[in-house]
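Student: I should like to understand how statements about a protein model are justified. May we go through some of them together?

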Amino acid sequence: MRAVRRPRVRLPELHGYDGGGLEPEGDYDGLEFTEADWAGQSARGARFMDCALRRCALDETVLSRARIIDSVLSGVRGVGTDLSQASLRDVEMADARLGGTQLHGAVLERVVVRGGKIDFANLRRARLRDVAFEGCVLVEADFGGAELERVSFDDCTLARVDFSAARMRDVDLRGAASLDIARGIDRLGGAVISTAQLMDLAPAFAAQVGVRVE
């Protein structure tokens, strides 16, 4: 089991952003966004480099194909945020409150997601490499067809997670506080679980191979 390589985000001196709304294909470098309301705005294909997003509202915000690099997201919140096919590299996210976030086809590399709650995240066919989830709640996260390599879930609650057709390598589930797999129990090859988790998941494993336990 290879350990997750964590990001080392060292932000430079940041400048407050006073440019109004976001723009598609926008280029944002060394900026701090605080309590910005980006509801319904589009920054499709934008680049955020060495940025801090603090307590920003992202309801229905379109960030598809955006690149977020060497940045910190703290206390962001929103429903229906579109990050499909986005790229997040060397990113720290803390205390997010998100629902229905679209991350299908996204690429996450050296990302830490710490605290907060994310409901109904669509990570289908996403690629996650060196991603650490810490102390967060993931409700009905959909990893269908996703690739997970060196991914850990420490002190996390995973409720009704879907791993259908996922591919795993060095995925560490042992630290999960709660592990509830709705679909894709057969896709855990490449993951490691604890003995206690094995006991909890035994009925699902038995059902998968057609064994009836009486």
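The dialogue below sets computed values against the rules used to judge them.

Student: What kind of model is this?

Tutor: It is a predicted model.

Student: Which helices and strands does the chain have?

Tutor: The chain contains 1 helix and 18 strands.

Student: How do you know whether the radius of gyration of the chain agrees with that of a compact globule?

Tutor: For 214 residues, a compact globule would have a radius of gyration near 17 Å. The chain has 18 Å, and therefore the value agrees with that expectation. As for its extent, the C-alpha trace spans about 65 × 30 × 20 Å along its principal axes.

Student: How much of the chain is buried, and how much area does the chain expose?

Tutor: Of the 214 residues, 50% count as buried. The chain exposes about 10300 Å², and carbon and sulfur atoms supply 44% of that area.

Student: Why is C56 called buried?

Tutor: A residue is buried when its relative accessible area is under 20%. C56 has 0% relative accessibility, so C56 counts as buried.

Student: What keeps C56 from being counted in a disulfide?

Tutor: The rule asks for two cysteine sulfur atoms within 2.5 Å. The closest cysteine sulfur to that of C56 belongs to C51 and is 10 Å away, which is too far for a bond.

Student: How do you know whether C156 is in a disulfide?

Tutor: The nearest cysteine sulfur, that of C136, lies 3.6 Å away, whereas the cut-off is 2.5 Å. C156 is therefore in no disulfide. By this rule the count comes to 0 disulfides.

Student: Is C156 buried or exposed?

Tutor: C156 has 0% relative accessibility, so C156 counts as buried.

Student: What makes Q197 buried, and where is Q197 found?

Tutor: Q197 is found in helix α1, which covers residues 195–208. Its relative accessible area is 7%, and the limit for a buried residue is under 20%, so Q197 is buried. Not counting residues up to four places away in sequence, Q197 touches L173, R174, A176 and L179.

Student: Which residues have the most contacts inside the largest nonpolar core?

Tutor: They are F33, F48, L128, F133, F143 and F153, in a core of 59 residues.

Student: Which residues does F48 contact, leaving aside its neighbours within four places in sequence?

Tutor: F48 is in contact with L22, Y28, F33, W38, L63, R67, I68, I69 and S71. One of these, F33, is also among the core residues with the most contacts.

Technical notes: Residues numbered from 1 in each chain as written. Predicted model: local features only at pLDDT ≥ 70, side-chain atom pairs only at ≥ 80, totals over all residues. Heavy atoms only, no water. Core = buried A, V, L, I, M, F, W, Y, C linked by side-chain atoms within 4.5 Å. Buried < 20%, exposed > 50% of the residue type's maximum accessible area, 1.4 Å probe, protein only. Contact = heavy atoms within 4.5 Å. Helix = DSSP H or I, 4+ residues; strand = E, 2+ residues; numbered from the N terminus. Rg over C-alpha atoms; globule rule 2.2 N^0.38 Å. Areas by Shrake-Rupley, 256 points an atom, 1.4 Å probe, with all protein chains shown as cover.
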